[in-house]
2 protein chains.
Amino acid sequence: MDAEIISVGNELVLGQITNTNVAYLAAKLTQLDLTATYQTTVDDDRIRLERVINHALTRSQLVFVCGGLGPTTDDITMPTVAATMGVSLQTDQRHWKWIQEKFNQRQISMEPENIRQAKYLVGGEPLANPVGLALGCWYETGGKVIVVLPGPPAEFKAMVDKSLLPKLQDYYHTEKQIISRTLNFLGRPESQLMDEIATVTKNEKAVVITSYVQPTAIQVRLTVRDLPFEEANQRIDRVQAAILQVEEPYFFGVGDNLTLAEVVVNLLRARHLKLTAAESLTGGLFQSTVCSVPGASNVFDGGFVTYAASAKEKLLDIPAMLISKHGVVSSETAAAMGEGCREKFHADIGIGFTGVAGPDSLEGQPAGTVWIGLAIKGRPTVTRQLHLAAYIGRQAIRTLSVQYGLQMIYRELKN
Amino acid sequence: MDAEIISVGNELVLGQITNTNVAYLAAKLTQLDLTATYQTTVDDDRIRLERVINHALTRSQLVFVCGGLGPTTDDITMPTVAATMGVSLQTDQRHWKWIQEKFNQRQISMEPENIRQAKYLVGGEPLANPVGLALGCWYETGGKVIVVLPGPPAEFKAMVDKSLLPKLQDYYHTEKQIISRTLNFLGRPESQLMDEIATVTKNEKAVVITSYVQPTAIQVRLTVRDLPFEEANQRIDRVQAAILQVEEPYFFGVGDNLTLAEVVVNLLRARHLKLTAAESLTGGLFQSTVCSVPGASNVFDGGFVTYAASAKEKLLDIPAMLISKHGVVSSETAAAMGEGCREKFHADIGIGFTGVAGPDSLEGQPAGTVWIGLAIKGRPTVTRQLHLAAYIGRQAIRTLSVQYGLQMIYRELKN
């Protein structure tokens, strides 16, 4: 069923703030098998808002109007929705009394305008605001539903979770839930990955496959609608197995918010292994990424940022000869960095990053040339060269280098 | 003039991602005195997208269609815009050759579908993509303009800045230019900053003052419309001077995209000073932030990540007694870290970070407790304690710690 989310506010139209509410509500609707097919933003203008609401009612069965429920006369949403529906507003006396009490308790003098925040549409139903003053409203008209919600994200989310979702579940009897699973990949261009996936899954039509490029992963989402829970999961299992038969080397786990750093930290933790690093072009970003995972202290004691060649020599005891012979950006230097930091920390795993973040080239090598050296206790040291595209820029080159370093560790440990 | 931004993508409709592009573009349009009065989001569906474009053309003179320019058949934007306009697509041969070269250089085999990313509307004009493969498009029709832009934020922003804005300025002859200047502050709550600013600037009505909270700064924008260039700048100068008389300690420079790291690196570079660091809770993020500035190698040779107490002792020669007596999260440990790394690197400036990133507390101190120690050659070591709110979360605590560390360096060097 098509839903439409209308966001109201000058600050949105002027680009002063990013609208986080709409993704929050859309994700909740998706879980209920309702889809926010249309999302519209408009400024605090009665005439334009009325037009936008009327247009929404021509194409959507469920319309949300979000924002503009403050106490000032700029806040036009509730009266505009009422006018568009051809009804007037009424005051929720119990809520109005509660607002007055709140102000008394906080010893703040109240403005008479605050009564606006206790009003809702005649014939509608007030929606409670667990963390703010303004009421929301649920209003049914000719088989369609209009819902009014507040703008501040904390109030918005609280009203959605506590007041709106139970009401929606009740009203739409949404039992046919959507089942979905997200697979995370790194190291394969999106178009190639999706082409190969399309080939191996072409017989399973019930599973819809979509991809989304994140800065540090390609996410592939498998979705099944309108099937019983168990059958849906079996079909997703089958598709996942078919995909991994081909794409296993690039796969690092299941989950919407999964990061490779989290996967690696948890794997090291399970195996009681300690990790350290020596970073040149990444300048501390690898270690910072590892430390972004709660519990990183179990697998990471510390490491080095060796940006200058002199630091590589001094901190890691890499012979100056080795660097001058092979170059800073070389397999040999990367290997020596990985081995050097591992020895200094008596760690199980040492990883070294050296390369050209750009914008300028270095030693005749273009920006995007990166060498990673991985030294694991009891195994031969391995190195890998990356040829990242210079045009993605300095930050993306550093971020991707870190991710490919994590992937090297992950693959080595899985073998 | 009314503009409309249409965002296309299933991932937006399903609430999988937050749309940051629309605020970015809307803010840029505001600066040109164009207003993104309407903003619409729709899924990757040809029929619905066509309807949305046609509806936009009934109410807006300038329409942007953003996202869906990838190489796969899900990416329907360019062909749908063409069909809506009743024209076909053509290949930009030079760009198509360039794409092929890029793939060759990176030694990746290319899919024939990539040619889709070199196509644009017949009768239109391609817009260059400085950081990605897909072309954008500028198309004029009956006094209105349609612009097609890519979805990935890095590509979107680069195309907006480099290809779109010059074209818009040229096309709309926006001579009654808005003159604006952005001041960057750190370390003052937004409401307090803006209240104080309102008090000292209340006599200058021609300068509109707006604020915008970034993760690493509060930006205050001073804007003047419809005045000659010179007078506008004089008024902005006066307002800036009035603001800095009160807020100077929190100010770090002028510019939309200015970062404190850039300010500090440039300052160190001008004074021929070298910086190093020893990081605990920030885990390499400070050094990584410094290295994000091109030219950082002039002021930074490397440093330490000393996450565990043992690493602080071993790498920085901090006596175990000092840590056990005062605690890891203490002024004394932070000072010893700053001094220790400075000595090891024979640098001019050493900075140490220790604290509780959370989610758990440490040594009885709550998440958000941070000590920073700053050791500058020839000066007494200074330390500073931060009490960041635990609810902002682990990443924000680490990010803000880095920024406050940069601010300490900036202030010390300015004195």
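Tutor: A salt bridge here is a side-chain nitrogen of Lys or Arg within 4 Å of a carboxyl oxygen of Asp or Glu. We're looking at a predicted model: local features need pLDDT of at least 70, side-chain atom pairs count only at pLDDT 80 or more, and totals for chains, interfaces and linings use all residues. Residues are numbered from 1 along each chain as its sequence is written, chains are lettered from A and ligands numbered from 1 in the order in which they are written, and side-chain values use heavy atoms, leaving out hydrogens and water.

Student: OK, how many salt bridges does the rule find across the interface of chain B and chain A?

Tutor: Polar contacts (N or O pairs within 3.5 Å, one able to donate a hydrogen and the other to accept it, with sequence neighbours counting only if both atoms are side-chain atoms) turn up in 25 residue pairs between chain B and chain A, both residues at pLDDT 80 or more. For salt bridges, the count across that interface is 0.

Student: How much area is buried between chain B and chain A?

Tutor: Chain B brings 77 residues to the contact (heavy atoms within 4.5 Å) and chain A brings 70. Of the buried area (accessible area, 1.4 Å probe, lost on putting the two together, summed over both), carbon and sulfur atoms give 55%. B:Q39, B:R106 and B:Y307 supply 10% of what chain B buries against chain A, more than any other three residues. The total comes to about 5700 Å².

Student: Which strand of chain B gives the most to the side that touches chain A?

Tutor: Strands are DSSP E runs of at least two residues, and helices are H or I runs of at least four, numbered from the N terminus. With 8 residues on that side, the top contributor is strand β2 (residues 35-42) of chain B.

Student: Which strands are the edges of the open sheet?

Tutor: Two strands pair if DSSP finds at least two bridges between them. The sheet has 12 strands with mixed pairing, and β2(A) stands beside β2(B) in its order. Each edge strand pairs on one side only, and they are β6 (125-127) of chain A and β6 (125-127) of chain B.

Student: At what angle does helix α3 (residues 46-59) of chain B run to β1(B)?

Tutor: This helix lies across strands of both chains, including β2 (35-42) of chain A and β3 (62-66) of chain B. With axes fitted to C-alpha atoms (for helices, over the stretch in contact) and angles from 0 to 180 degrees between N-to-C directions, α3 of chain B runs to β1(B) at about 170°.

Student: And what is the bridge partner of A:G302 in β14(B)?

Tutor: Strand β14 (residues 302-306) of chain A runs antiparallel to β14 (residues 302-306) of chain B, joined by 5 bridges. Within β14(B), A:G302 has as its partner B:T306.
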